[in-house]
Amino acid sequence: MGQMVDFTMEREGLVKPGDRVELKEDQALTMSGLMYYYTIKPAVAMSSNLKKPVGKLTGTVRKVEQQVSIYMVTVEIDEEE
């Protein structure tokens, strides 16, 4: 099983469980050091800051949960080959 990464999505229905997604990686230099964050292309949802990069920039949506004002999307990142 690959690494699971959570994303926040503001609008309903942009992705659903089972969808294959591509990610865009960005980096931010913070007071805690270099952090990585990801966007589901094309600007569907964004992850929080991660201390380590994910292995690949593709994955499968495993879960979409409605929260108070956002949707939490869980993506299983494809494993390294």
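A residue counts as buried when its relative accessible area is under 20%, as exposed when the area is over 50%, and as partly exposed in between (1.4 Å probe, protein chains only). By that yardstick, alanine 43 is exposed, with a relative accessible area of 67%. The model here is predicted, so local features need pLDDT of at least 70 and side-chain atom pairs count only at pLDDT 80 or more, while totals for chains, interfaces and linings use all residues. Residues are numbered from 1 along each chain as its sequence is written, and side-chain values use heavy atoms, with hydrogens and water left out.

Now for the overall fold. Six strands make a closed barrel in the order β1-β4-β3-β2-β5-β6, and their pairing is antiparallel. Strands here are DSSP runs (E, at least two residues), numbered from the N terminus, and two of them pair if DSSP finds at least two bridges between them. On average, neighbouring strands of this sheet are turned by 40° against each other, direction ignored; the axes behind such angles are lines fitted to C-alpha atoms, and angles run from 0 to 180 degrees between N-to-C directions.

Take strand β1, which spans residues 4-9. Its side chains alternate: Val5, Phe7 and Met9 point to one face and are buried, whereas Met4, Asp6 and Thr8 point to the other and are not. Six bridges tie β1 to the antiparallel strand β6 (residues 71-77), and phenylalanine 7 has valine 73 as its bridge partner there. β1 also pairs with strand β4 (residues 45-47), again in the antiparallel sense, over two bridges; in that strand, methionine 46 stands opposite threonine 8.

Elsewhere in the barrel, β2 (residues 20-30) and β3 (residues 33-40) are antiparallel partners over eight bridges. Tyrosine 37 in β3 sits opposite aspartate 26.

The loop between β3 and β4 holds both proline 42 and alanine 43. The peptide bond from lysine 41 to proline 42 is cis, with omega near -10°. Alanine 43 has a phi near 55°, a positive value in a residue other than glycine. For context, most residues other than glycine have a negative phi, and most peptide bonds are trans.

Threonine 60 belongs to strand β5 (residues 58-66). This threonine is buried, because its relative accessible area is 10%. Contact means heavy atoms within 4.5 Å, and, leaving aside residues up to four places away in sequence, threonine 60 touches Gly18, Asp19, Arg20, Thr74, Val75 and Glu76. With arginine 20, the link is a side-chain to side-chain polar contact at 2.8 Å. A polar contact is a pair of N or O atoms within 3.5 Å; within protein, one must be able to donate a hydrogen and the other to accept it, and residues adjacent in sequence count only if both atoms are side-chain atoms.

Key: Helices (H or I, at least four residues) and strands (E, at least two) are DSSP runs, numbered from the N terminus.
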